[in-house]
Amino acid sequence: MAFTAQDVKALREKTGVGMMECKKALVEADGDMEKAIDFLRERGLAAAQKKASRIAAEGVVLPYYDEETKKGVVVEVNSETDFVAKNEKFMGFVEGVAKTILATNPADVEALKEEKFNGTDRTVTETLNDLSIGENMKIRRFERMEGIVSTYIHAGGSVGVMVGFDVADESKAADAEFIAMGKNVAMQIAAMSPEYLSKADISDEKLAKMESLTVDSALNKPDSLPMPILTSLINEAIDGKKWSDEDSSTYQGLDNKQRKNFVNFISKEAYETLAEIAVSHKAEIVENKIFTGLVQGRLSKQIKEICLFEQEFVRTDLFQGSVKAYIDSVAKALGTEIKATGYIRMMKGEGLEKREENFAEEIAKQING
């Protein structure tokens, strides 16, 4: 019996199984819809879809590196509970997925599902459904990296990191000091979650936006402005009768020490008025060299927080300075040149809806059958 693309679509809508598996089922069933459904049930695929509506935001992130081929991958496989990540069968599956990715080089997760699992005659999807763990499990994403790579996995797979290096003398990559350095940099990435490798990777547009936001933030928080500018704004608020008589009188009654914390003495309305005055003088204030210095200082601090090379190395017991300076110090000690070329950082369940546990409701359901 022949079947059409519409039949494949209809089977998918009935079972929730992927298009390729539905097509295979219809081929096996010679186009008979009911037999195709039975075929999927026999293979456990249709049953697996019953779990698919349950939230899978736990699981594990695994960085896997093959030193022989110098290829690596970071893969995230989700489950419903964190307990399953401790299951040997589940972890074996995740590692097998990583090896399959490196061996078959799939374009995306959907293509990966149709690949033969780690040299077996079963597909990745079939192997996943063969697992009798009883939870909804999904391969969510993966990213690959080639070359000399260091990896780090945090807290049982909650965060996985892979960082690539360009080493002038590649033989030095086997040195214990290089291996330790690579792991330390990967740990830095896991802990500090940089957005960029270096300042050079930030676009001019992004830098301009950061500067603009920093300017606006400073103007809307007038107590953080340089004292000469702040004093001028307060004088305008008082002399121009923009503050209430009570706020003006209160401020004028403060001594020099108290005026440094004047926010604690004036009303909320007075503070908001001061911010409005500051914003109204934006064009004039941004030309002030003192203000320019303040903005550049704050911008520099932001860059040090979001760029790996500019971040302060967290292992101060090993090295005090930036991450870039730490890498350079190890390169000097090994007598070669080392450059970090990129990194992958994945956090388990990042951006996914989390399941809200309601134990009272769960117990009530069990009591009521």
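In which helix does Val185 lie?

## Val185 and its surroundings

In this predicted model, Val185 is a residue of helix α8, the helix that covers residues 176-192. Its relative accessibility is 0%, and because buried means under 20% relative accessible area, Val185 counts as buried.

Leaving aside residues up to four places away in sequence, Val185 touches Val163 and Phe165 as well as Leu308, Val323, Tyr326 and Ile327. A further relation, given here as a distance between C-alpha atoms, links Val185 with Tyr343: the two residues are 158 apart along the chain, while their C-alpha atoms are separated by 9.9 Å.

## Thr123 in a loop

Thr123 is placed in the loop that runs between α6 (109-113) and α7 (124-130). Although Thr123 belongs to a loop, its relative accessible area is 1%, and Thr123 is therefore buried.

When residues up to four places away in sequence are not counted, the residues that Thr123 touches are Glu21 and Lys24, together with Lys113, Glu114, Glu115, Lys116 and Phe117.

## The crossing of α10 and α13

Helix α10 is made up of residues 227-239 and helix α13 of residues 268-280, and the axes of these two helices come within 10 Å and cross at roughly 115 degrees. Because angles of 65 to 115 degrees count as roughly perpendicular, α10 and α13 are described as roughly perpendicular to each other. The crossing in which α10 passes α13 is right-handed.

On the α10 side, the contact is made by Leu230, Leu233, Ile234, Glu236 and Ala237, and on the α13 side by Leu274, Ile277 and Ala278. Sorted by class, this contact of α10 with α13 comprises seven nonpolar residues and one charged residue, with no polar residues.

## The protein as a whole

The protein has 17 helices and six strands, and of its 369 residues 41% count as buried. Val185, at 0% relative accessibility, and Thr123, with a relative accessible area of 1%, both count as buried.

Among contacts between residues at least 6 apart in sequence, 66% join residues that are at least 24 apart. The area that the protein exposes is about 20700 Å², of which carbon and sulfur atoms supply 49%.

Note on methods: Residues are numbered from 1 along each chain as its sequence is written. This is a predicted model: local features need pLDDT of at least 70, side-chain atom pairs count only at pLDDT 80 or more; totals for chains, interfaces and linings use all residues. Side-chain values use heavy atoms; hydrogens and water are left out. Axes are lines fitted to C-alpha atoms, for helices over the stretch in contact, and angles run from 0 to 180 degrees between N-to-C directions. Helices (H or I, at least four residues) and strands (E, at least two) are DSSP runs, numbered from the N terminus. Angles under 35 degrees count as roughly parallel, over 145 as roughly antiparallel, 65 to 115 as roughly perpendicular and the rest as oblique. A crossing is left-handed if the near helix is turned anticlockwise from the far one by less than a right angle, and right-handed if clockwise. Contact means heavy atoms within 4.5 Å. Ala, Val, Leu, Ile, Met, Phe, Trp, Tyr, Cys and Pro count as nonpolar, Asp, Glu, Lys and Arg as charged, and the others, Gly among them, as polar. Buried means under 20% relative accessible area, exposed over 50%, partly exposed in between (1.4 Å probe, protein chains only). Accessible areas come from the Shrake-Rupley method with a 1.4 Å probe; for residues, only the protein chains shown count as cover.
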